[in-house]
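Please find below a colleague's note on the model under discussion. It is set out as numbered points, to be read alongside the structure.

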Amino acid sequence: MDKYKRLLSNTLIFAIGTFSSKVLVFLLVPFYTNLLTEGELGTADLIVQTANLIIPMVSIGMSNAIIRYGLDKYMDKRDVFTGAITAILSGYAIFLVLLPFLSRIPIIGGHTLLIYLYVLTSCLRSLCSQFVRARQLIRLYAFDGVMSTAMVILFNVLFLMFFRMGITGYVLATIVSDLCSSLFLFTIAGLHRYIRFRDCDWSVLKSMIRYAAPLIPTTTCWWITNVSDRYMVTYFLDAGANGLLTIAYKVPTIITLLSGIFTDAWQMSAFTEDGPGRTRFFSNVFNAYQALIFSAASGLILFSKLITSILVLGSSNPFYESWQYIPFLLLATCFSCFVTFLGSIYMVEKKSMATLATTALGAAINVLLNLLLIPRFGINGGTFATFFSYLIVFIVRMVDTHRIIPMHWNLPKLLANLLLLLGQTWVLLCLDSGWILWEVILCILVLALNFRQILINLQRFLTKRAG
């Protein structure tokens with residue numbers, strides 16, 4: 001199959017599972033804002049984010065290694081799966097020893113058991129789902145995405161609406177869903193056939209750990225860039241302010257959704273593409289990708305007030321003011337997507353240290369700016385810090401990856417898109433009247449700037465022309 005058609009086919013399959021599942025979760029926002037206070041939602045979010053920080057350390061980064069080594073046709077998949085499950089269980093055993101220390105941390109100390117259960121079930125689900133994806137069982141992977149989301153909704157309704165479990169119910173819904181998903185994938189995909197401790201080639205696990213080890217601090221640095229503002233907003237302001245920030249993050253999730261669908265498919269194409277046309281292939285795909293991402297972000301900035309009003313069921317809801325934190329988060333998400341795209345180049349070449357170095361740079365910038373800007377500018381000081389740190393990492397990776405794959409960049413168009421979105425952000429945040437007209441004009445300019453690129457690449461994907 002032509003490489004563009006294969007990428008489009010995989011993207012559509014991932015879209016069926018991911019889009020439907022993420023949209024369903026997105027629709028839970030009004031449910032949360034009516035059953036939880038700003039403080040409760042902010043605290044629940046910190047519990048989940050703390051668990052997400054711990055997961056890559058407990059799993060020893062196996063979620064990254066499974067997909068990379070599982071797609072390698074020269075690797076025995078039994079060695080990959082057995083090695084990964086051994087690493088995860090060993091990491092979790094060590095994590096159990098740290099229970100007394102974790103329970104003493106303020107804010108989350110009273111929810112330690114929830115964090116332990118969340119980490120365990122998330123690691124197991126990631127192990128099973130990533131291995132299913134590495135086996136290229138794309139339809140099963142997509143179906144599991146829909147099914148697990150349906151279970152999240154079901155258990156949220158059960159725990160929050162009927163049992164009134166508050167913060168505990170919010171977190172427990174995901175825990176139970178992840179457990180059910182793990183059991184489903186393990187059974188349906190017959191993953192027991194890939195466990196062989198007696199005859200396992202343990203050198204594969206050693207190789208996976210060498211690859212994944214630098215990605216553990218990398219993931220930690222990404223977590224710092226994405227989440228440190230939530231902790232600092234809670235520290236400098238309060239949990240209620242973090243609750244507003246949590247709702248504001250829901251709108252950029254739409255961009256993350258579009259990007260995630262594409263990234264799942266793109267990584268499979270990037271790993272298998274190794275011919276003379278690779279540079280042109282990567283360049284064409286990125287040009288179409290950035291055109292779609294910028295266009296989507298522009299539209300979301302235009303409608304951010306309306307979307308927020310719908311999500312929180314009216315402008316009188318205390319959560320409604322979260323709209324003003326959306327624009328910079330959308331800009332941050334755009335460049336986060338581009339950074340991830342360039343990270344696939346490092347992943348293909350197994351350059352984990354380059355991934356770590358660039359990510360650590362972004363995390364350091366983010367923390368410094370958070371400390372300087374949040375006390376002075378409040379929540380939007382943190383959102384700007386996130387945007388700026390991603391922008392710097394993108395520029396650094398754009399320069400560094402050029403020596404690996406000399407992609408053809410359209411820098412004037414990139415800069416024009418950035419300036420137009422910054423203009424939309426200024427209009428939305430600073431103009432009390434007449435802002436709608438300017439927002440519409442700027443959005444039309446963004447769409448006009450990117451329409452031709454989207455059309456050209458759509459034609460390329462839909463024909464057999466290899467590019």
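The points below begin with the overall fold and then turn to particular helices, rings and loops.

1. Overall content. The model is a predicted one. The protein holds 20 helices and zero strands. It has 467 residues, of which 58% count as buried. Among contacts with a separation of 6 or more, 83% are made by residues 24 or more positions apart. The exposed area is about 19,700 Å², and carbon and sulfur atoms supply 68% of that area.

2. Helix α5 and its surroundings. Helix α5 spans residues 77-97. It has 21 residues and reaches 31 Å from its first C-alpha to its last, close to the 30 Å expected at 1.5 Å a residue. At the start of α5, the backbone nitrogen of R78 is approached by a side-chain oxygen of D76, to within 2.9 Å. Buried positions in this helix include D79, F81, I85, I88, Y92 and F95. The buried residues of α5 pack against α3, α4, α6, α7, α9 and α10.

3. An acidic residue in α5. Is D79 buried or exposed? With a relative accessibility of 4%, D79 counts as buried, because the cut-off for that class is under 20%. Its side chain forms a polar contact of 2.7 Å with the side chain of R196. The D79 side chain also reaches the backbone nitrogen of D201, at 3.1 Å. Apart from neighbours within four places in sequence, the contacts of D79 are R196, D199, C200, D201 and V204.

4. Aromatic pairs. A pair of aromatic rings is described by the distance of the centres and the angle of the planes. The model contains 30 aromatic pairs. In one of them, the rings of Y69 and Y211 have centres 5.8 Å apart and planes at 70°, so the arrangement is edge-to-face, a class that begins over 60 degrees. This pair links distant parts of the chain: Y69 lies in helix α4 (residues 62-70) and Y211 in helix α10 (residues 202-212), 142 residues apart. Y69 counts as buried at 4% relative accessibility, and Y211 counts as buried at 6%.

5. A pair within one helix. Y92 and F95 also form an edge-to-face pair, with 5.9 Å from centre to centre and 65° between the planes. The two residues are three apart in helix α5, so about one helical turn separates them. An α-helix has 3.6 residues a turn, so residues three or four places apart point the same way. Y92 is buried, its relative accessible area being 12%; F95 is buried as well, at 6%.

6. An aromatic cluster. Which residues do ring pairs link into a cluster? The members are F286, Y289, F294, F328, F335, F338, F341, F384, F387, F388, F394 and W409.

7. Charges over rings. The charged end of R230 sits over the ring of Y249, at 4.0 Å from the ring centre. K305 lies over the face of W323, with 4.4 Å to the centre of that ring.

8. Helix α19. This helix covers residues 411-430, which makes 20 residues. At 1.5 Å a residue the expected span is 28 Å, and the end C-alpha atoms are 28 Å apart, so the two values agree. The buried residues of α19 include K413, L414, N417, L418, Q424 and L428.

9. Two backbone angles to inspect. Most residues other than glycine have a negative phi, and most peptide bonds are trans. I60 has a positive phi, near 55°, and is a residue other than glycine. I60 is placed in the loop between α3 and α4, and at 21% relative accessibility it counts as partly exposed, because the buried class requires under 20%. L313 likewise has a positive phi, about 60°, although it is not a glycine. L313 is found in the loop between α15 (304-311) and α16 (326-348). With a relative accessible area of 57%, L313 is exposed, because that class begins over 50%.

Definitions and conventions: Residues numbered from 1 in each chain as written. Predicted model: local features only at pLDDT ≥ 70, side-chain atom pairs only at ≥ 80, totals over all residues. Heavy atoms only, no water. Phe/Tyr/Trp six-rings, centres within 6.5 Å; stacked < 30°, edge-to-face > 60°. Helix = DSSP H or I, 4+ residues; strand = E, 2+ residues; numbered from the N terminus. Buried < 20%, exposed > 50% of the residue type's maximum accessible area, 1.4 Å probe, protein only. Lys NZ or Arg CZ within 6 Å of the ring centre and 35° of its normal. Expected span 1.5 Å × (residues − 1). Contact = heavy atoms within 4.5 Å. Areas by Shrake-Rupley, 256 points an atom, 1.4 Å probe, with all protein chains shown as cover. Polar contact = N/O pair within 3.5 Å; in protein donor to acceptor, adjacent residues only side chain to side chain.
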